[in-house]
Amino acid sequence: MITYRATLDVSRELVCHLSLLLSAERRRLGTRSGSRALTCFEQAVMGLRWFRDRTDRAALGRDHGVSRATAYRYIDEVIDVLADQAPDLHHALRRATDAGLTHLILDGTVIATDRCAEKTISVKGEPIDLWYSGKTRHHGGNIQALSAPCGLPLWVSAVEPGSVHDLTAARTHVLGALYKAAADGLPTLADSGYDGAGIGILTPVKHPADGRPLDLDTRTRNALLRALRCLGERGFALLTQRWRTLQRITASPSRIGDVVKAALVLTHFEHGYLK
């Protein structure tokens, strides 16, 4: 067997922050001192390795000298304690207003997951795979996110199955609060997939069905809106490229929302946005 050394490219401050969260969770559970196989610091390192590099949980258990089952349980605990720190929608909107943001950016993505055989009935009355996304052509979970004008993700929703359209997911999780924010002077920009979302949700004007070109003012508005909105793509890029476990989640699809929320908290810490 060959051994080698590796470096985890996260700050020690982030590991210590996560260690404190895990320590508080152990105190809440009444865990006796010395009864765990790993210290809070070691558990934090294990969890961050999983988030950062998508390291197999069985391999993590072997590296840290614990069983496969213990590795799964410890990483699930890391996910839970981080997800509990994620801002809820009203808190995120309040912070955005207090910070004087000019607008928000609404976007959705499908986080890939392993094939899931769960079935449902489509709006056309046909049986379909619940977690299969026709937009991305793979199985996954639909996540909605709000980002600041600079592209920093501020809030993420709970997961919806991949077969759910972005607009439907947005209506379930976020649009109601965005109407109130727009009335208070904080509009939201979104792509054409959210066309018809409602007052205060600004989307590009689509080309007429009869083929007539849009007038100059409308084309200019669309260009300006797209130029501002495209920065929202950075929000999911910050999450999925930094925390590679989001590129394909092999856990239960129902856990995707918690994993993304946990990654959001890690991103906020690294960008100094935790409060």
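## Where helix 2 meets helix 3

Helix 2 and helix 3 cross in a right-handed way. This is a predicted model, and the pair makes a friendly place to begin looking at it. The axes of helix 2 and helix 3, the latter covering residues 57-64, come within 10 Å and cross at roughly 150 degrees. Angles over 145 degrees count as roughly antiparallel, and helix 2 and helix 3 are therefore roughly antiparallel to each other.

Which residues make the contact? On the side of helix 2 they are Glu42, Val45, Met46, Arg49 and Trp50, and on the side of helix 3 they are Arg57, Leu60, Gly61, Asp63 and His64. Sorted by class, the contact of helix 2 with helix 3 has four nonpolar, two polar and four charged residues.

## The loop between the two helices

Two residues in the connection are worth a stop. Arg54 sits in the loop between helix 2 and helix 3. Arg54 is not a glycine, yet its phi is positive, at about 60 degrees. Most residues other than glycine have a negative phi. With 37% relative accessibility, Arg54 counts as partly exposed.

Thr55 is also found in the loop between helix 2 and helix 3. Is Thr55 buried or exposed? Its relative accessible area is 18%, so Thr55 is buried, as the cut-off for buried is under 20%. Apart from neighbours within four places in sequence, Thr55 is in contact with Arg49, Trp50 and Leu60. Arg49 and Trp50 belong to the helix 2 side of the helix contact, and Leu60 to the helix 3 side.

## The whole chain

Now step back to see the full picture. The protein chain has 10 helices and nine strands. Along the principal axes, its C-alpha atoms fill a box of roughly 70 × 45 × 35 Å.

Of the 275 residues in the protein chain, 47% count as buried. Among contacts in the chain with a separation of 6 or more, 66% are between residues 24 or more positions apart.

## Helix 1 against helix 10

Another helix pair to find is helix 1 (residues 12-29) with helix 10 (residues 256-270), whose axes are 10 Å apart and pack at an angle of about 130 degrees. Helix 1 and helix 10 are therefore oblique to each other. Their crossing is right-handed.

The meeting residues are Glu13, Leu14 and His17 from helix 1, and Leu266, Phe269 and Glu270 from helix 10. By class, this contact of helix 1 with helix 10 holds three nonpolar, one polar and two charged residues.

Leu14, in helix 1, deserves its own look. At 0% relative accessibility, Leu14 counts as buried. Setting aside residues up to four places away in sequence, Leu14 touches Leu48, Trp243, Leu266, Phe269 and Glu270. Leu14 and Arg57 are 43 residues apart along the chain, and their C-alpha atoms are separated by 21 Å.

## Two nonpolar cores

In soluble globular proteins, nonpolar side chains tend to be buried together. Here the largest nonpolar core has 45 residues, and the members that touch the most others are Leu18, Met46, Phe51, Leu82, Ile143, Leu239 and Val260. Two or more residues of this core come from each of helix 1, helix 2 (40-53), helix 4 (68-83), strand 5 (138-147), helix 9 (233-242) and helix 10. Which element gives the largest share? Helix 10 does, with eight residues.

Leu239 shows what such a core member touches: Pro153, Val156, Leu246, Val260, Ala263, Leu264 and Thr267, with residues up to four places away in sequence not counted. There is also a second, separate core of 25 residues, with Leu104, Leu152, Leu154 and Leu186 among them.

## Two more residues to find

Thr188 lies in strand 8 (residues 188-189). It is buried, with a relative accessible area of 0%. Leaving out neighbours within four places in sequence, Thr188 is in contact with Leu104, Ile105, Leu106, Leu146, Leu178, Gly200, Ile201 and Leu202. Among these contacts, Leu104 is included in the second nonpolar core.

Arg137 is placed in the loop between strand 4 (132-133) and strand 5. Its phi is near 60 degrees, a positive value in a residue other than glycine. Is Arg137 buried or exposed? At 66% relative accessibility, Arg137 counts as exposed.

How values were computed: Residues numbered from 1 in each chain as written. Predicted model: local features only at pLDDT ≥ 70, side-chain atom pairs only at ≥ 80, totals over all residues. Heavy atoms only, no water. Axes fitted to C-alpha atoms, helices over the stretch in contact; angles between N-to-C directions. Helix = DSSP H or I, 4+ residues; strand = E, 2+ residues; numbered from the N terminus. Parallel < 35°, antiparallel > 145°, perpendicular 65-115°, else oblique. Left-handed = near helix turned anticlockwise from the far one by under 90°. Contact = heavy atoms within 4.5 Å. Nonpolar A, V, L, I, M, F, W, Y, C, P; charged D, E, K, R; others polar. Core = buried A, V, L, I, M, F, W, Y, C linked by side-chain atoms within 4.5 Å. Buried < 20%, exposed > 50% of the residue type's maximum accessible area, 1.4 Å probe, protein only.
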